[in-house]
Amino acid sequence: MALYVLYEHAAGYGLFSVKEFEEIGMLLPQVEASVLELSRFNAIVKLVGFHPFKTAVAALNNVNAISEGLLPDDLSSFLDTTLPKAAKKKAITLGVGDAKLGAAISEALDVQCSHIGAVPEILRGIRYHFGNMVKGFNTQSAAVAQLGLGHSYSRCKVKFNVHRSDNMIIQSIALLDQLDKDINTFAMRIREWYSYHFPELVKIVNDNYLFAKTAHFIKDRKSLTQESLEGLEAILMDAEKAQAVIDASKMSMGMDISVIDLLSIEMFANRVVKLSDYRQELAGYLQSKMHAVAPNLQVLIGDQVGARLISKAGSLTNLAKYPASTVQILGAEKALFRALKTKSNTPKYGLLFNSPFIARANAKNKGRISRYLANKCTIASRIDCFAEAPTTVFGDALRQQVEDRLKFYESGETPRKNLDVMKEAMGAVQAQAVAKSKKKGKRSLGTANGGEADANGNGVGEPNKKKKKKLNDTNGGADDVADESALNGTVAADDSVLADVSNGELKKKKKKKNKNQSVTADA
């Protein structure tokens, strides 16, 4: 059995032959020892052929194909011409570093491939001595090629990442959770800090955001007068609370605070207000991204729960690959493994517990509705991931199914079958597609008609006039033909006139007209 090893380098493909494969397979420690010595390694491995990449673009295309487990055309033609054909007495094995690439080569070229045994050690030696084994190649040029290809490959992967929209959702929901924790901590701090000066405000204004805005507006409680009532009403949206704040400031038990301390409290309250406003903007951004990436999942369980499921799975594609049983307990891994370890009951829900459907269900039906909701979430995520045109029709249908299931648990009313619901949703999607195509057809007809009107009006008229002038100047007697072409208003007539000019027919007409003029002159 003959062994050949394929090595993929940033500069090209190299094919190496290995001597005495059976002995090398048995004496693997000797191979490991001879890897670092070039003389001993050259006695085992010889270069058969090298195929360099012509351009950096070709190298990038080849490495992209190999990373996806595909066989590039360059590699296929190189192996087809360089690798010897297998005979009956002597079989050939090709050693590769990637199992997926080996499967692609075996399927395309019908060559036996191997990536185990002595192949990894031989590839390690080739990688170590590659600059010295190829003529006209050194370690410095190999490093330059690797650096350039590495930069372009990384840039391509980042630029054409299929999960780039999912990454925005993952980062947004993570930042949203962190902002919620920080805003709660800061609100507690501003309440405690400002209560030294105005303790009665905590009982009047319960909301953290409104408390921070009110503290920022009041500053020193002694400065509050009846004129400040309108400003407080604008903040609290309640006239009674605003009046209660003014009344409490007149009888407050709080201590007096210096101007510098009040300035620090004011700056901190302003920071809390800005963080809360940014949190609202981020929630709106997350809603828009979810509507663009996973509209059906958003309609079914909401923005934040759907975003948390995508974040926990890593991407929408990973979530679509999960079975419903995994989606049901996603986020409750610790409880699951603790239950498996102690042989107790496994959790019924994970992140889905935050869905309003779980809260609306009875205690005995929470597990059942969680299992049913996880099933619908799996369907919605798969539709969002693999559908060509985003739509919310399926999300509305799945949400209605969950609502019907809740009614069934409460009153016993039988819900519709899933087959009928999906058929109805498919009909609605097809109707939407037909309506969109009709609208596009009307728009295209409108633009086409406008373009024709422009062409018949001003667009082609001026060039026709110029052509007429040129023909009149050069041919003299072609006025009638040019006038007919202008009356018809078509470009085809002009083309025929030009063809006549090229064939010399206009010259003949001119001669005939001159003869007629001479006859009339004699008469």
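This report describes a sheet and the helices on it, the aromatic pairs, and a group of helices later in the chain. The model is predicted.

**The sheet and the helices on it**

Five strands form an open sheet in the order S3-S2-S1-S4-S5, and their pairing is mixed. Its edge strands, each paired on one side only, are S3 (45-52) and S5 (112-114). On average, neighbouring strands of this sheet are turned by 25 degrees against each other when direction is ignored.

Strand S4 (residues 92-95) runs parallel to S5, and three bridges join the two. Leu94 stands opposite Cys113, a residue of S5. Strands of a sheet pair through backbone hydrogen bonds, in either a parallel or an antiparallel manner.

Two helices may be described against this sheet. Helix H5 (residues 73-82) packs on the sheet and touches S1, strand S2 (12-18), S3 and S4. The direction of H5 makes about 30 degrees with that of S2. Helix H7 lies across S1, S2, S3, S4 and S5, and runs at about 60 degrees to S1.

**Aromatic pairs**

Across the whole structure, 12 aromatic pairs are found. One of them joins Tyr7 and Phe130, whose ring planes stand at 55 degrees with the centres 5.1 Å apart, so this pair is tilted. The pair links distant parts of the chain, since Tyr7 belongs to strand S1 (residues 2-8) and Phe130 to helix H7 (residues 119-133), 123 residues apart. The rings of Tyr349 and Phe353 also form a tilted pair, with centres 5.1 Å apart and planes at 35 degrees.

The table gives the accessibility of the residues in these two pairs.

| Residue | Relative accessibility | Class |
|---|---|---|
| Tyr7 | 6% | buried |
| Phe130 | 2% | buried |
| Tyr349 | 22% | partly exposed |
| Phe353 | 44% | partly exposed |

Tyr7 counts as buried because its 6% relative accessibility lies under the 20% limit. Tyr349, at 22%, counts as partly exposed because its value falls between 20% and 50%.

Tyr7 and Phe130 also belong to a cluster linked by ring pairs, together with Phe16, Phe50 and Phe137. A ring takes part in another kind of arrangement at Phe211: the charged end of Arg191 sits over this ring, 4.9 Å from its centre.

**Helices H14, H15 and H16**

Two packed helices are described by the angle between their axes and the distance between the axes. The axes of helix H14 (residues 259-293) and H16 come within 10 Å and cross at roughly 70 degrees. This angle makes H14 roughly perpendicular to H16. On the H14 side, the contact is made by Arg279, Leu286, Gln287 and Met290. On the H16 side, Asp303, Gln304, Gly306, Ala307 and Ile310 take part.

Helix H16 covers residues 303-313, and its buried residues are Val305, Gly306, Ala307, Leu309, Ile310 and Ala313. Gly306, Ala307 and Ile310 are thus named both among these buried residues and in the contact with H14. After H16 comes Gly314, whose phi is positive, near 105 degrees.

Gln298 lies in helix H15 (residues 295-301). The residue is buried, with a relative accessible area of 11%. Apart from its neighbours within four places in sequence, Gln298 is in contact with Gln287, Met290, His291 and Asp303. Of these, Gln287 and Met290 of H14 and Asp303 of H16 also take part in the contact between those two helices.

Technical notes:
Residues are numbered from 1 along each chain as its sequence is written. This is a predicted model: local features need pLDDT of at least 70, side-chain atom pairs count only at pLDDT 80 or more; totals for chains, interfaces and linings use all residues. Side-chain values use heavy atoms; hydrogens and water are left out. Buried means under 20% relative accessible area, exposed over 50%, partly exposed in between (1.4 Å probe, protein chains only). Helices (H or I, at least four residues) and strands (E, at least two) are DSSP runs, numbered from the N terminus. Contact means heavy atoms within 4.5 Å. Rings of Phe, Tyr and Trp (its six-membered ring) pair if their centres lie within 6.5 Å; planes under 30 degrees apart count as stacked, over 60 as edge-to-face and the rest as tilted. A charge sits over a ring if NZ of Lys or CZ of Arg is within 6 Å of the ring centre and within 35 degrees of the ring normal. Two strands pair if DSSP finds at least two bridges between them. Axes are lines fitted to C-alpha atoms, for helices over the stretch in contact, and angles run from 0 to 180 degrees between N-to-C directions. Angles under 35 degrees count as roughly parallel, over 145 as roughly antiparallel, 65 to 115 as roughly perpendicular and the rest as oblique.
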